[in-house]
Amino acid sequence: MKSRKSGDVSRRQVLQVSAGLVAAANGIGAATLAATPAQAQPGPRAAMQLTDYFLRRVKALGADTLFGVPGRTCDPVFEGAVHHKVNAVLTATDLEAGYAADAYARVRENGLGVVAVTYGVGTLSLVNAIAGANVERSPVVIVNGGPSDYDLGIFKQGFMFSHCGGKVDTDLKIFSEVTAFAGRANNASEAADIIDRALTTAVRKKRPVYIEIPRNLWRANIMAPVTPAETAISPSGAEGDAAQKILAFLRGAERPAVLLGVEVQRYGAIEQTAALMKKLGIPYSTTMLAKSVIAENTPNFVGVYDSRYAPPNVMNVVEKSDRLLALGCVFGVQHLALLSSLRTKVARVFDGEVNVRNDNFKGVSFKALVEELNRASWTPNPGWSAWIGQNRLSGLSFDQRRAGMKSPPSPPSNETAMTYEEVMRSVSDFLDDSFVTITDTSLSMYPAADMDIKGAGGMFCNAVWQSIGYSVAAAVGAGVAQENRRPLVICGDGGFQMTAQSLSTMALRNIRSVVIVLDNGFYGIEQFLIDRSYFNNPASRPPSYLSLQPWKYADLARSFGINAVWEVNSVDSFKEALRGAKAAQGPAFIAVKLKRKDLPPELRA
């Protein structure tokens, strides 16, 4: 058995290679795997098939769906899923399976996504999706059927076993870099402990884990624990003191503010955090990754702080705050300037730690901390009334949020096409609480921050990892996970071309998604990053390496089995298409023609 996690996870000998050699190859020391809950408290055990044990465990944790592409190394998992009434969702690609499992985990409170694909050729396609889940705190379980004793035997003789990458532990090593836990069971007796430790880590840390079982062991009988794995996060006892330090920190402010992050949702503290914002009575924002993490009509919401391109009122609250509480935020490069400028003015709660100036608390339960903050006595400072009043939003509509935004006009164009502003305003006006919106990494993500999302958890995105094409495949997972909310995707044409096959899965499963593709014919966001002057010069052309092959998007959607399809180039035709998509009883697709020189106002400014 081998497990590895950067920094503190131990490992044992794997695949007959000595621990010393592995340590030398990786530049790290070898150690004995810490006892799992099952090892520490043996308790009663029962004989059962290994596949049954795995599926019972994940189903007990609320994961009732398995995403993936069947193959020789993982077929028994799919066969077992049928027996255990676990919904097996066959995706069109391995990458789609990873994105779908990630999204499934994100939209379910305390969720857990599960994905299985073929060793090597399938799993290595998952790495991008799993790296994003790791960065953005999405608990996905990758279950992999690894090489058998027979495979290892022929490898020693100089032959490659099926899907071998040239070494016997390629998958294990790669996934150890992008998960919170990566472990392989060399024999059946180790399997239950590996599974339990992985699931415990995924649930507690809200990050992906990797389980590798030799493919010949899936149907082996094992003596497995019958008691549930210990996954609950117990309060450390420091939450009360940490809460008092945080409140004292805020009381000393003249311009206090709160920035909410995605851990609010991941740790099941949505209602408690909404109550806390009402109690504190001070302005708050969210990161883009956490947009709508609590309902945006909660008092004192000022808008989304997505970067230095946020509306002026949002930047005023967050960047001019003299004491900012960052509650559960994953910070990316878009927050570098903010944190560099505020420095000692930020108190941070993240990844089980609380840092308030010179005070540091570790092993803190996020939910227990928020509950302690709600229990503590608190009276807002009357002197804050002017600060609060001047930063109140006049309303939550798209235009009201962006009222202070000014930019130069776009260059003249005779195209019959739409602008980003027109698209995002139309979608914002259209949305209700029957949709969960998924935005992709494109120029549209900036105005998307200001859409009027109804209810808590009404939107998610890949805001920190920023992998283009994420949204279309993620809609498969979101559509399977929630019956009361339909996924609505907003994706650039470059991103869509990455994961277009996901439309096939939507048609196969009759997922009532609405996929909106913004077609301007090139990688607009890359053009902006490379040379934004293109958007102001009517005569300039993008470099050839940014141009996309024109697709007949509507015809493509129909070929995948989508019946409700529209092509639009005006506000009126787009609004009509949205109404039609809402009425559709299956997946719907809208191709929107965009003006090639258009930029969202915040970027043109």
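D351 is found in the loop between β14 (346-350) and β15 (353-356), where helices (H or I, at least four residues) and strands (E, at least two) are DSSP runs numbered from the N terminus. This is a predicted model, in which local features need pLDDT of at least 70 and side-chain atom pairs count only at pLDDT 80 or more, while totals for chains, interfaces and linings use all residues. Residues are numbered from 1 along each chain as its sequence is written, and side-chain values use heavy atoms, with hydrogens and water left out.

**Two residues with positive phi**

The phi angle of D351 is near 55°, a positive value in a residue other than glycine. At 34% relative accessibility, D351 counts as partly exposed; in this scheme buried means under 20% relative accessible area, exposed over 50%, and partly exposed in between, computed with a 1.4 Å probe on protein chains only. Q466, in the loop between β18 (459-461) and α20, also has a positive phi for a residue other than glycine, near 60°, and Q466 is partly exposed, with a relative accessible area of 33%.

**Buried charged residues in loops**

E136 lies in the loop between α6 (123-135) and β6 (140-146), and it is buried, with a relative accessible area of 0%. Contact here means heavy atoms within 4.5 Å; leaving aside neighbours within four places in sequence, the residues in contact with E136 include R106, R266, N462, A463 and Q466.

R485 lies in the loop between α20 (470-481) and β19 (486-492). R485 is buried yet has no salt bridge, since the nearest side chain of opposite charge, D433, is 6.0 Å away, whereas a salt bridge requires a side-chain nitrogen of Lys or Arg within 4 Å of a carboxyl oxygen of Asp or Glu. For charge, Lys and Arg count as positive and Asp and Glu as negative, with His and the chain ends not counted.

The table lists polar contacts of these two side chains, a polar contact being a pair of N or O atoms within 3.5 Å; within protein, one must be able to donate a hydrogen and the other to accept it, and residues adjacent in sequence count only if both atoms are side-chain atoms.

| Side chain | Partner | Distance |
|---|---|---|
| E136 | N462, side chain | 3.1 Å |
| E136 | A463, backbone nitrogen | 3.3 Å |
| R485 | D433, backbone oxygen | 3.2 Å |
| R485 | G457, backbone oxygen | 3.0 Å |

**Helix α5**

Helix α5 (residues 94-107) has 14 residues and should span 20 Å at 1.5 Å a residue, which agrees with its end C-alpha atoms being 20 Å apart; the expected span is 1.5 Å times one less than the number of residues. Because 13 of its 14 residues are buried, α5 is largely enclosed by the rest of the structure. At its N-terminal end, T93 caps α5 through a side-chain oxygen that lies 3.0 Å from the backbone nitrogen of E96.

**Nonpolar cores**

A nonpolar core is a set of buried Ala, Val, Leu, Ile, Met, Phe, Trp, Tyr and Cys residues joined through side-chain atoms within 4.5 Å. Of the 106 residues in the largest such core, M451, I516, F574 and I590 touch the most other members. Helix α10 (residues 239-251) gives the most to this core, with six residues. Apart from it lies another core, of 51 residues, among them Y470, A473, A481 and A557.

A581 lies in helix α25 (residues 571-583) and is buried, with a relative accessible area of 0%. Not counting residues up to four places away in sequence, A581 touches R486, V514, W566, A588 and I590.
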